[in-house]
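Here are my notes for your first look at this one. Have the viewer open while you read, and take the points in order.

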Amino acid sequence: MLSYLQQLTYWDWLGLGILLLILEVFGAGGYLLWIGLAAACTSLLSFVFPDLSWEAQFSLFGLIAIITAVFWWQRQRKSVSTSAQPGLNQRGSELIGRTFVLHEAIIDGRGKIKAGDTLWLVTGTDAAAGQNVKVIGQDGVLLKVIPE
């Protein structure tokens, strides 16, 4: 094993980089991309400086991998922003603050309203069908209502 390590060439690093990038294509979520690029950079450096020892090559690989991973992590943190549409993919949040007519009476704290073409389960104080209620919140698929 030691004799193999002493004869590492840029082809070995390039092969490792290509293998890691191929594995990234199969869904590693970005983790292998930066390590694969670090292996490719190590390949380039070992091509430019062919007398690098295997210890120096592994040290460079580790250092470059850490630098690229930190760069990616910082870039990901900066790219997180608030959405222009905060209610997107939160079905029912657009109903908060609106008033609806009870479709089914609220009995024992549960009833139904009709919003558009959809019946929604509601929770609140008991009320008769046909009474106006205002949606004040949401708990999963349940809308919280108060009588108006």
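1. A warm-up to start with: is glutamate 104 buried, partly exposed or exposed? Glutamate 104 turns out to be partly exposed, because its relative accessible area is 37%. Keep in mind throughout that you are looking at a predicted model.

2. Glutamate 104 has a partner. Its side chain meets that of lysine 112 in a salt bridge, with 4.0 Å from N to O. Lysine 112 is partly exposed too, as its relative accessibility is 26%. The count for the structure comes to one salt bridge, and this pair is it. As background, side chains of opposite charge can pair when their charged atoms come close.

3. Now zoom out. The protein chain has four helices and five strands, and from the N terminus on they run α-α-α-α-β-β-β-β-β. With a radius of gyration of 30 Å, well over the 15 Å that the globule rule gives for 148 residues, the chain is more spread out than a compact globule. The C-alpha trace spans about 85 × 25 × 25 Å along its principal axes.

4. A few totals go with that picture. Of the 148 residues, 26% are buried. The chain exposes about 10,100 Å², and carbon and sulfur atoms supply 63% of that area. Taking contacts with a separation of 6 or more, 41% are between residues 24 or more positions apart.

5. Next, the strands. Which residues have the most contacts inside the largest nonpolar core? They are Leu102, Ile113, Val122 and Leu143, in a core of 13 residues. At least two core residues come from each of β1 (99–107), β2 (110–115), β3 (118–123), β4 (132–139) and β5 (142–147). The biggest contributor is β1, which gives three.

6. Valine 122 is a good place to park the camera. Setting aside neighbours within four places in sequence, valine 122 is in contact with Leu102, Ile106, Gly109, Arg110, Gly111, Lys112, Ile113, Leu143 and Val145. Lys112 on that list is also the lysine of the salt bridge with glutamate 104.

7. There is a second, separate core as well. This one has eight residues, among them Leu5, Ala38, Ala39 and Phe61.

8. On to the helices, and to glutamine 57 in helix α4 (residues 54–79). Would you guess buried or exposed for glutamine 57? The answer is buried, because its relative accessibility is 2% and the cut-off for buried is under 20%. Not counting residues up to four places away in sequence, glutamine 57 touches Leu8, Trp13, Thr42, Ser46 and Leu52.

9. Phenylalanine 58 also sits in helix α4. Unlike glutamine 57, which is buried at 2%, phenylalanine 58 is partly exposed at 38%. Beyond residues up to four places away in sequence, phenylalanine 58 touches Leu5, Leu8 and Trp13. Its C-alpha is 9.5 Å from that of alanine 39, and the two residues are 19 apart in sequence.

10. Seven aromatic pairs are found in the structure. One of them joins tryptophan 13 and phenylalanine 58: the ring centres are 5.2 Å apart and the planes lie at 70°, so the pair is edge-to-face. Why does this pair tie together parts that are 45 residues apart in sequence? Because tryptophan 13 lies in helix α2 (residues 10–25), while phenylalanine 58 lies in helix α4. Tryptophan 13 is buried, with a relative accessible area of 4%.

11. Phenylalanine 58 has another ring partner, tryptophan 54. Here the centres are 6.0 Å apart and the planes lie at 85°, so this pair is edge-to-face too. Tryptophan 54 and phenylalanine 58 are separated by about one helical turn, because they are four residues apart in helix α4. Tryptophan 54 counts as partly exposed, at 23% relative accessibility.

12. To finish, put these rings together. Trp13, Trp54, Phe58 and Phe61 form one aromatic cluster. Phe61 belongs to the second core as well, so show that residue in both views when you go back over the model.

Note on methods
Residues numbered from 1 in each chain as written. Predicted model: local features only at pLDDT ≥ 70, side-chain atom pairs only at ≥ 80, totals over all residues. Heavy atoms only, no water. Core = buried A, V, L, I, M, F, W, Y, C linked by side-chain atoms within 4.5 Å. Buried < 20%, exposed > 50% of the residue type's maximum accessible area, 1.4 Å probe, protein only. Contact = heavy atoms within 4.5 Å. Rg over C-alpha atoms; globule rule 2.2 N^0.38 Å. Areas by Shrake-Rupley, 256 points an atom, 1.4 Å probe, with all protein chains shown as cover. Phe/Tyr/Trp six-rings, centres within 6.5 Å; stacked < 30°, edge-to-face > 60°.
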